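Biologist: I have a model open on my screen and would like to know how its labels are earned. Could you take me through them one at a time?

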Amino acid sequence: MVWIPGGRFRMGSEDFYPEERPVRTVSVDGFWMDSHPVTVAEFRRFVKATGYVTTAETMPTAQDYPGADPDLLVAGSLVFTPPDRPVPLDDYRRWWSFVPGAYWRRPDGPDSNAGDRQRHPVTHVSYFDALAYAQWAGKELATEAEWEFAARGGLDGKAYVWGDEHSPGRKPLANVWQGRFPWENLLEDGYAGTSPIGSFTPNGYGLSDMAGNVWEWTADYFAAELDATDAYSRPSCCVPSNPRITTPQAVSPAEPYPRRVIKGGSHLCAPNYCLRYRPAARQGESEETSTCHIGFRCVVRTGSESRR
């Protein structure tokens, strides 16, 4: 793990997506953070030690999903299935498929195998799976504020984990999509899917993959209107310390689980769609969601820098 010293920083951005606004000054205490996302090998050791069964391996119930097609109430997960031609970007179902039998060991479906991806981030993990691993390891999931502070690596207010320029030297600095999403992947970074941890230069705190590769779960509930939440509603004279959103926001009846914040973007993020491989970027995902591009890493909160 890497020691993150904590401090005051400008959280959010006014320059990209509405849910990142407003920019607000907050502070976080120091903490330890995993230097990389939890890998397939690390998650495998957890499952071997505990016998844990992930959400993607568990049959969903009609009670949780009233009105759902019974044929879809099977164990599985979401897999990226790219079209072979340009398509409108207004419907994610054109490139996402629910694949029965897909889970962390079989990331592309029943006929696939994660055996050659031991150093890749584990995927197809829900918020519940990430939380279970963290508790087993004696760790926790980062708050959104902690995660963003760590991702910035000391570059307060910058657009990307490496600075303000998108592609300095015209060289990919993270595992993200090059080309026109979702059909044209130029593979300029060398990877069509996830990449081994440490494949790209770490940020200023020594953290790998804080941009791209896989989205990462955080502990916070998702709220699109941040200035209206208790965590950030403070008098202008005061700087919120260790803010977090602990109250679920209202969701539609079609979503039986609340949403948590995911951060960092993934190998499927592209400039023409989901430019979210940035510290301020954020999305909300239903807690039981599992996909081929969401993973996680853990933190340990302590006031001492002597722990490693």
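Biologist: Which side chain makes a polar contact with the side chain of Ser 290?

Modeller: That is Ser 77, at 2.7 Å. Please keep in mind that this is a predicted model.

Biologist: What makes the link between Ser 77 and His 124 a polar contact?

Modeller: The side chains of Ser 77 and His 124 are joined at 2.7 Å. The cut-off for a pair of N or O atoms is 3.5 Å, so this pair qualifies.

Biologist: Why is Ser 77 called buried?

Modeller: Ser 77 sits in strand β5 (residues 76-80). Its relative accessible area is 2%, and buried means under 20%, so the label fits.

Biologist: How do you know that Arg 44 is partly exposed?

Modeller: Arg 44, a residue of helix α1 (residues 40-50), has a relative accessible area of 33%. Partly exposed covers what lies between 20% and 50%, so Arg 44 belongs there. Arg 44 also helps to form a positive surface patch with Arg 45, Lys 48 and Arg 105.

Biologist: What makes that patch positive?

Modeller: Its members are Arg 44, Arg 45, Lys 48 and Arg 105. Lys and Arg count as positive, so the name follows from the members.

Biologist: Why is the pair Glu 20 and Arg 278 called a salt bridge?

Modeller: The N to O distance between their side chains is 2.6 Å. The limit is 4 Å, so the pair passes. Glu 20 is in the loop between β2 (7-11) and β3 (24-28), and Arg 278 is in the loop between β8 (259-263) and β9 (283-286), so the bridge ties together parts 258 residues apart in sequence. Both Glu 20 and Arg 278 are buried. A search of the whole structure finds 19 salt bridges.

Biologist: What makes Lys 263 and Glu 148 a link between distant parts of the chain?

Modeller: Their side chains meet in a salt bridge of 3.0 Å, N to O. Lys 263 is in strand β8 and Glu 148 in helix α3, 115 residues apart. Both Lys 263 and Glu 148 are buried.

Biologist: How do you know that Glu 287 and Arg 260 form a salt bridge?

Modeller: Their closest N and O atoms are 2.7 Å apart, and the limit is 4 Å, so they count. The pair connects the loop between β9 and β10 (294-295), where Glu 287 lies, to Arg 260 in strand β8, 27 residues away in sequence. Both Glu 287 and Arg 260 are buried.

Biologist: Which residues are joined into one network by salt bridges that share partners?

Modeller: Glu 144, Glu 148, Arg 152, Lys 263 and Arg 282 are joined in this way.

Biologist: What makes helix α3 mostly covered?

Modeller: Nine of the nine residues in α3 (residues 144-152) are buried. Among them are Glu 144, Trp 147, Phe 149 and Arg 152. Just after α3, Gly 153 takes a positive phi of about 60°.

Biologist: Why is Leu 187 counted as partly exposed?

Modeller: Leu 187 has 40% relative accessibility, which lies between 20% and 50%, so partly exposed is the right term. Leu 187 is in the loop between α3 and β7, and has a positive phi of about 55° although it is not a glycine.

Biologist: What makes the peptide bond from Arg 21 to Pro 22 cis?

Modeller: Its omega is near 0°. Pro 22 lies in the loop between β2 and β3. A cis peptide bond also joins Phe 181 and Pro 182, with omega about 0°.

Methods. Residues numbered from 1 in each chain as written. Predicted model: local features only at pLDDT ≥ 70, side-chain atom pairs only at ≥ 80, totals over all residues. Heavy atoms only, no water. Patch = residues over 30% accessible without salt bridge, like charges linked within 9 Å, V, L, I, M, F, W, Y side chains within 5 Å. Areas by Shrake-Rupley, 256 points an atom, 1.4 Å probe, with all protein chains shown as cover. Charge placed at Lys NZ, Arg CZ, Asp CG, Glu CD. Helix = DSSP H or I, 4+ residues; strand = E, 2+ residues; numbered from the N terminus. Buried < 20%, exposed > 50% of the residue type's maximum accessible area, 1.4 Å probe, protein only. Polar contact = N/O pair within 3.5 Å; in protein donor to acceptor, adjacent residues only side chain to side chain.
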